[in-house]
2 protein chains.
Amino acid sequence: MNAKKDRRTFIKQVAAIGSGFVLAGGNVSASAQEPESDIFEVFKKRRSVRKFKSTPVPDEHITKILEAARYAPTPRNRQDWKFIVVKDKTKIDELKDQCIKMAGDNSKQYYTDYLSAPVYIVILAGAKTRSPENELLSGAVAAGNIFLAARALGYGSVFCRNSVPEEIARKVFNISDDYQWVCITPVGVPDEWPETPPKKKLEEFIVENQFT
Amino acid sequence: MNAKKDRRTFIKQVAAIGSGFVLAGGNVSASAQEPESDIFEVFKKRRSVRKFKSTPVPDEHITKILEAARYAPTPRNRQDWKFIVVKDKTKIDELKDQCIKMAGDNSKQYYTDYLSAPVYIVILAGAKTRSPENELLSGAVAAGNIFLAARALGYGSVFCRNSVPEEIARKVFNISDDYQWVCITPVGVPDEWPETPPKKKLEEFIVENQFT
């Protein structure tokens, strides 16, 4: 069965009739786990992943993922971002220990799973500009490119802003006040690809021209 | 000349040597203006566009673009977004008039160009949740998907958060306090595709493991 073709046909149908649809649960097909370069497939196949295999991520993949981030729009082209690439296992373990220490022993399994990826990317946005909130949002868009590029190459990621508390991240990675905390994401081969969570129908999001 | 292939070879080289590069200026090749489905090409070819042709954007393209937004990660899968799709020329002109009225006659050409697209999408994020800032960032990631999907289909867009002031947008589109203003973006065929603005080298963004 040509799942990819079927899915495209389906999307065409949905687009043609202009209606939304709720994503079904069910098993994740094998093709959902493979690298994928078609952007509309990548949007759909990206998943938030919180447990990883130890399979290494080659440096050229990290470079490609960060290149994607670099092309995100940025206020007045300032590009006031930093990306901390964390591959040092000692550093990752330090982060894990600090998180568990703060959240308590019950959080041990959660953080052990969450911090099982071989690579983490911390996304930071400039704080000392005239529109810090715009920089922060621009950092989020750059992070979005990272999630998509990672999925295109076959990796899971997850937008993590609170589970790893900002104050811990600032200490562990020595982040100064020059930068705002956007998020941290793992990059790695998922222990398993989660199913698509239930999604609202497209029409629930859409407002035509203005709120009435 | 096969520009696409050349570019891919170049990216491979860059990835292989692990170094960054500054994007050259120069003329935009014809291929930069066509629809493009390869995600790594889309990252590079997306441009912030501020003047458009009147060429209509078919509804199925708008649907496809909003589908892309719908798949963005969202805190606890809340999907607390609204997308106002503005196709009503009267509404767009009202927005233009209000912006010029606020910014003064000198801004007339700017807003006339900026508001020349056939479609605008307003991106809003829920305000009444326990982590409004996370919702706001999630809205920015959804907006990022919109920019990329638009480019994939051959359209320009631009992250606009301040040029169209929030207070004007709230009035024109009747946006309540239930939603946070993320941004508005045009979707349309560019009057011309801008060149890639100068970009920092990749290594200027990267910090290894921690700040020293």
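Which residue in S1(B) is the bridge partner of Ile206(A)?

**View 1. Strand S4 of chain A meets strand S1 of chain B.** This is a predicted model, and here we zoom in on a pairing between two chains. The partner of Ile206(A) turns out to be Phe83(B). A bit further on, Glu208(A) sits opposite Val85(B), also in S1(B). In total, three bridges tie S4(A) to S1(B), residues 81-86, and the two strands run parallel.

**View 2. A sheet built from both chains.** Step back and you find four strands in an open sheet, ordered S4(A)-S1(B)-S2(B)-S3(B), with mixed pairing. S4 of chain A and S3 (179-187) of chain B are the edge strands; each has a single partner strand, so one side of each has no neighbour in the sheet. On average, neighbouring strands here are turned by 25° against each other, direction ignored.

**View 3. A helix packed on that sheet.** Helix H3 of chain B, residues 59-70, packs on the sheet. H3(B) touches S4 of chain A as well as S1, S2 (119-126) and S3 of chain B. The direction of H3(B) makes about 160° with that of S1(B).

**View 4. The chain A side of the contact.** Chain A and chain B each put 63 residues into the contact. On the chain A side, the elements giving two or more residues include helix H1 (3-17), helix H2 (39-45) and strand S4 (206-208). The largest share, ten residues, comes from H6(A), the helix spanning 132-152. Sorted by character, the residues on this side of chain A are 32 nonpolar, 15 polar and 16 charged.

Conventions:
Residues numbered from 1 in each chain as written. Chains lettered and ligands numbered in written order. Predicted model: local features only at pLDDT ≥ 70, side-chain atom pairs only at ≥ 80, totals over all residues. Contact = placed C-beta atoms within 7 Å. Nonpolar A, V, L, I, M, F, W, Y, C, P; charged D, E, K, R; others polar. Pairing = 2+ DSSP bridges. Axes fitted to C-alpha atoms, helices over the stretch in contact; angles between N-to-C directions.
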